[in-house]
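Q: I have a model open in front of me and would like to learn how to read it. Could we go through a few of its features one at a time?

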Amino acid sequence: RRSGQYTMNHDHSKKIPDGASFDRSGSQDSLDELSMDDYWKELENIHETRGNNHEERVALVVKEPDEGELEEEWLKEAGLSNLFGESSGDSLESMVFLSTLTRTQKAAVEKRVETVTQTMRKRNKQHQIPDVRDIFRLQNDSKGKVCDGSEPSSVRTSENKNETHDGTKGNFCLGTDEPKSLLEDVPSSDTDINLEISFAEQAANLKDSSVGKMYKGGGGDTLLPNFRLPKDKTGTTKIGDLAPQDMKKVYSLALIELTALYDILGTEFKQQKAVKIKTKDSGLFGVPLSLLLEQDQKKIPGTKIPLIFQKLIAQIEETTLETEGLLRIPGVATRVKGLCQELEAKFYEGTFNWENVKQHDAASLLKLFIRELPQPLLTVEYLKAFQDVQNLPTRKQQLQALNLLVILLPEANRDTLKVLLEFLQRVIDHRDKNKMTLKNVAMVMAPNLFTFHGFASKTIEQSEFVMAAGTANVMRFMIQYQKLLWTIPKFIVNQVRKQNTESQKKEKKDKAMKKLLKKMAYDREKHEKQEKTPNDTDVPQGVIRVQAPHLSKVSMAIQLTEELKAGDIVARFLSQKSGNVQTLKKEEVFLYEIGGNIGERCLDDDTYMKDLYQLNPNAEWVIKPKQS
């Protein structure tokens, strides 16, 4: 299978199919000899630098997993390990989770459970091995039945029909033709990214429909489509806006969704696994990202980006971003090596003299830092999936896959990648002077992020040229669309809301919990009565009560109107200075939606409050500074 995939890539570079991904007119015409030249030169520089480094580093070993191992790992990552193994009986939580999945997501889970089940039977493990059909039996009873099989009154198909525009259409029990008609109803322009409907569902429907033809990415290589997110009245959710317990659910859903998308599009999705190797436990270069941040947080609490990384970027920017060939022209190898050693010795002591560092040397150090990480910035698990984005049929699907992959990165990797991409965009903004266009920067940076020691032999199975052009294009996409990539798709946020609602229902039914809930409810009521007596009497329908402990001692009752936005409410509090409360600027405080069917969500200023209130009527509303 794998060799088949690579041969396919070979063909692409020779004859270009209609609307091939990344416009593989890509391989030859648009990624002309000249720009590819930058890629090979960069690769040459990298090899030279490695050659100079006499203490050769241990290459990262990527373990080839045994049959079924990958799928078992995948189910664990997706939070569904209790569907098999010793704990397979205890899958109430998984049942709630499964009841919120779309058809394509469900198919992806079924496929993996089936493989694990067969493997376990082969290994003859003494576990209770569920039949994959039993796991989904509840959801599959019949088209019109309830998804979680428990409460016919609560989630009827008719209600789901009304919910479809909220993206929660993804119930197993939806009729097969539902999503298709939905796609026809939503007048989506070719460049609008629809976040309301599961990406894999969109792909499945495009496969079956003639609409697919419009979605192909044509046009010249230099003109990437101007993709945009249509305004969502209930607010756009960015990574960092949700509470950790909900982000955990987002992670599981993004993993399942990405797998479903790759399944539908016929691209193999395999998480790689790194064998643990001994790494440096202190220093700057070649130190694991998490360890580096631990070191840095002792110096500056709350640091999210390695200090050396921040400093190198600041150093490059300090000179001017107008220098011709910035990032492309390498520093002097021997000088870079000397600086590297000197930084290791003096950076944390604060005795390193930055004045002597030339700009091209600082750029070389920045790239060296990325390459020397013991595990790739895009992680061992997902580096191959990032590379494979180039094999997806349409640009829109490539963007959707990158969006999900960014969500799946560990926080430290994601934050560092964000700072890097923002910096690269600033370099490109000066392209008139520095001659570094989006294409040039992508060409130079791709080898630093994608050719990873220990992976090299693996990736070269592909034609080197296709690999180079492909990863450079993925790099271009990441830089060009970085603002879109840090968004959590609405259909995933809605699945989280649904899980929370279902879990709350299940909890309430649990007898052991009932007493506790009663006591908690009683205490809370008492507490709320003392705190905000006016609540029950004062707040009529269509009015919300907003608290802003940092800005005001009293809460404010706010009448919801069609046009009222979150930013208006924040502005209202800020305009009335009261008492001895700290002064905060507009950009420092946000309105939060707390509780109800979400843990906590920071609202963007353009959120229409009435629409959101209808989506989550039981939430509390609090204005507070954003947690760093």
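A: Let us begin with a term we shall need: a residue counts as buried when its relative accessible area is under 20%. Please also keep in mind that this is a predicted model.

Q: How many of the 21 residues of α11 are buried?

A: In helix α11, 15 of the 21 residues are buried, so this helix is largely enclosed by the rest of the structure. After α11 comes G266, which has a positive phi, near 70°.

Q: What span should helix α11 have, at 1.5 Å a residue?

A: The expected span is 1.5 Å times one less than the number of residues. For α11, which covers residues 244-264, this gives 30 Å, and because its end C-alpha atoms are 30 Å apart, the expectation and the model agree.

Q: Which residues touch the most other members of the largest nonpolar core?

A: The general idea is that, in soluble globular proteins, nonpolar side chains tend to be buried together. Here the largest nonpolar core holds 125 residues, and those touching the most other members are V109, L327, L424, L449, F450, M475 and M478. The helix we have just discussed, α11, gives the most to this core, with 11 residues. If you would like to follow one member, take L449, which, leaving aside its neighbours within four places in sequence, is in contact with residues including I370, L377, L417 and M475. There is also a second, separate core of 23 residues, and among them are A566, L603, L612 and I623.

Q: How is the aromatic pair of F352 and W354 arranged?

A: To read such a pair, one looks at the angle between the ring planes, and over 60 degrees counts as edge-to-face. The structure holds 11 aromatic pairs, and in the one formed by F352 and W354 the centres are 4.8 Å apart with 70° between the planes, an edge-to-face arrangement. F352 is buried, at 8% relative accessible area, and W354 also counts as buried, at 14%. Another pair is F477 and Y481, whose centres are 5.0 Å apart and whose planes are at 80°, so this pair is edge-to-face as well; both F477 and Y481 are buried. F352 and W354 also belong to one aromatic cluster with F347 and Y348.

Q: Where does the charged end of R112 sit?

A: The charged end of R112 sits over the ring of W74, 5.4 Å from the ring centre. You can look for a similar arrangement at K624, whose charged end sits over the ring of Y592, 4.5 Å from its centre.

Notes. Residues numbered from 1 in each chain as written. Heavy atoms only, no water. Phe/Tyr/Trp six-rings, centres within 6.5 Å; stacked < 30°, edge-to-face > 60°. Buried < 20%, exposed > 50% of the residue type's maximum accessible area, 1.4 Å probe, protein only. Lys NZ or Arg CZ within 6 Å of the ring centre and 35° of its normal. Helix = DSSP H or I, 4+ residues; strand = E, 2+ residues; numbered from the N terminus. Core = buried A, V, L, I, M, F, W, Y, C linked by side-chain atoms within 4.5 Å. Contact = heavy atoms within 4.5 Å.
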